[in-house]
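Here are my notes on this one, jotted down as I went through it. Have a look at the sequence and the model before you read on.

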Amino acid sequence: MFYTAAITKQSKNQPIGIGLEDTDYGIAISSINPEGPLSQTSLKPGLKLLIINNIEVSGLSPKEVGKILNNVGDKLVLSAVDIVPDITFQVNTSRKSKRDNRQTNERVVATMKRDTNDATPTIFNEAGVPSNSFSRIYKLIESELLPAAMALRSHETTYNREMQSYTSKQMIKGGLVGFGTESNHEKKVFQMVAQGAQLQRNVDLKAMQVKDKTNAMLAKYNIMATVALESRRLGKYSSKQMQANEALDVVGLEFHRIE
């Protein structure tokens with residue numbers, strides 16, 4: 001949800017009574033002075049601050065945002081949105097070249113983005129969700145969804161290596177074309193394509209399963225979980241391709257308060 005507050009200060013130096021803090025989600029409003037000019041607006045603690053007088057503040061520090069607030073004129077317009085808390089992970093492929101630079105070792109690394117001890121979303125605390133319920137959800141994602149996503153990325157990494165080797169060699173031995181003349185390398189690539197589709201389906205099914213288990217735990221607290229997605233740019237497969245495609249990767253769960 002989008003929130004906008006427009007105020008006119010009595011003087012340039014009048015404090016507006018807003019507290020800010022740096023979070024994993026950006027600059028968040030930590031407090032609103034009940035006697036300040038913002039107290040009668042829709043802004044409230046827990047929102048993510050986006051814009052100050054048409055100036056984007058995403059990615060700035062609280063100190064930098066404070067300077068902007070101090071330098072604006074009498075008229076002030078602030079825009080903010082609800083923070084969408086999440087429990088997410090990242091799966092990356094690390095590459096390390098050997099000394100002769102002829103071969104590159106690739107390793108898939110998967111980690112949770114936040115530690116379970118300090119990651120409890122504010123809406124969980126406000127709704128009275130027990131801490132052990134949050135820990136169970138965290139462990140569900142870490143133990144059931146993360147391994148499936150890691151297996152898929154490992155397969156994709158191996159497939160890319162095989163394709164690089166595959167395209168540098170002849171597809172058909174002896175130049176013959178027909179059933180039974182495929183090279184072992186060619187058969188391997190086709191098998192990997194089929195298994196890649198199955199591994200993607202595994203991730204999707206695990207995401208649905210973990211989401212359903214989580215929603216069963218959160219239903220009575222009026223909190224709903226949805227699958228968290230991150231986009232990943234794909235390389236072009238043809239010079240005739242107009243633009244590169246994007247893949248959506250499952251990276252965990254997001255949580256929304258049901259009004």
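The points below cover confidence, strand pairing, aromatic rings and salt bridges.

1. Confidence. Keep in mind that this is a predicted model. The chain averages a pLDDT of 84, with 86% of its residues at 70 or more. Of the chain's elements, strand β9 (residues 223-233) has the highest mean, 93, and strand β8 (residues 104-112) the lowest, 80. The usual caution holds: where pLDDT is low, the predicted coordinates should not be read in detail.

2. Strand pairing around β6. Strand β6 (residues 75-82) pairs antiparallel with β1 (residues 2-8) over 7 bridges. To find your way in, look for Thr8, which sits opposite Lys75 of β6. Strand β6 also pairs with β4 (residues 47-52), again antiparallel, this time over 5 bridges. There, Ile51 has Ser79 of β6 as its bridge partner.

3. Aromatic pairs. There are 3 of these in the structure. Take Phe124 and Phe134: their ring centres are 5.8 Å apart and the planes stand at 90°, so this is an edge-to-face pair. It connects helix α2 (residues 122-127), home of Phe124, to helix α3 (residues 131-167), home of Phe134, across 10 residues of sequence. Both Phe124 and Phe134 are buried.

4. A longer reach from Phe124. The ring of Phe124 also meets that of Phe255, with centres 4.9 Å apart and planes at 80°, so that pair is edge-to-face too. Here helix α2 is linked to strand β10 (residues 246-257), and the two residues are 131 apart in the chain. Phe124 has 0% relative accessibility, and Phe255 is buried as well at 1%. Add Tyr138, and ring pairs join Phe124, Phe134, Tyr138 and Phe255 into a cluster.

5. Salt bridges at Arg153. The structure has 9 salt bridges, one of them between Glu156 and Arg153, with the closest N and O atoms 3.3 Å apart. These two are 3 residues apart in helix α3, which means about one helical turn between them. Glu156 is partly exposed at 22% relative accessible area, while Arg153 is buried at 15%. Arg153 also bridges to Asp249, at 3.2 Å between the closest N and O atoms. With Asp249 in strand β10 and Arg153 in helix α3, this contact ties together parts 96 residues apart in sequence.

6. On to Arg232. Which side chain does Asp249 meet in a salt bridge at 2.6 Å, N to O? That would be Arg232, in strand β9, so the pair ties β10 to a part 17 residues away in sequence. Asp249 is buried at 15% relative accessibility, and Arg232 is partly exposed at 26%. Through shared partners, salt bridges join Arg153, Glu156, Arg232 and Asp249 into one network.

Terms used. Residues numbered from 1 in each chain as written. Heavy atoms only, no water. Pairing = 2+ DSSP bridges. Helix = DSSP H or I, 4+ residues; strand = E, 2+ residues; numbered from the N terminus. pLDDT = per-residue confidence, 0-100. Phe/Tyr/Trp six-rings, centres within 6.5 Å; stacked < 30°, edge-to-face > 60°. Buried < 20%, exposed > 50% of the residue type's maximum accessible area, 1.4 Å probe, protein only. Salt bridge = Lys/Arg side-chain N within 4 Å of Asp/Glu carboxyl O.
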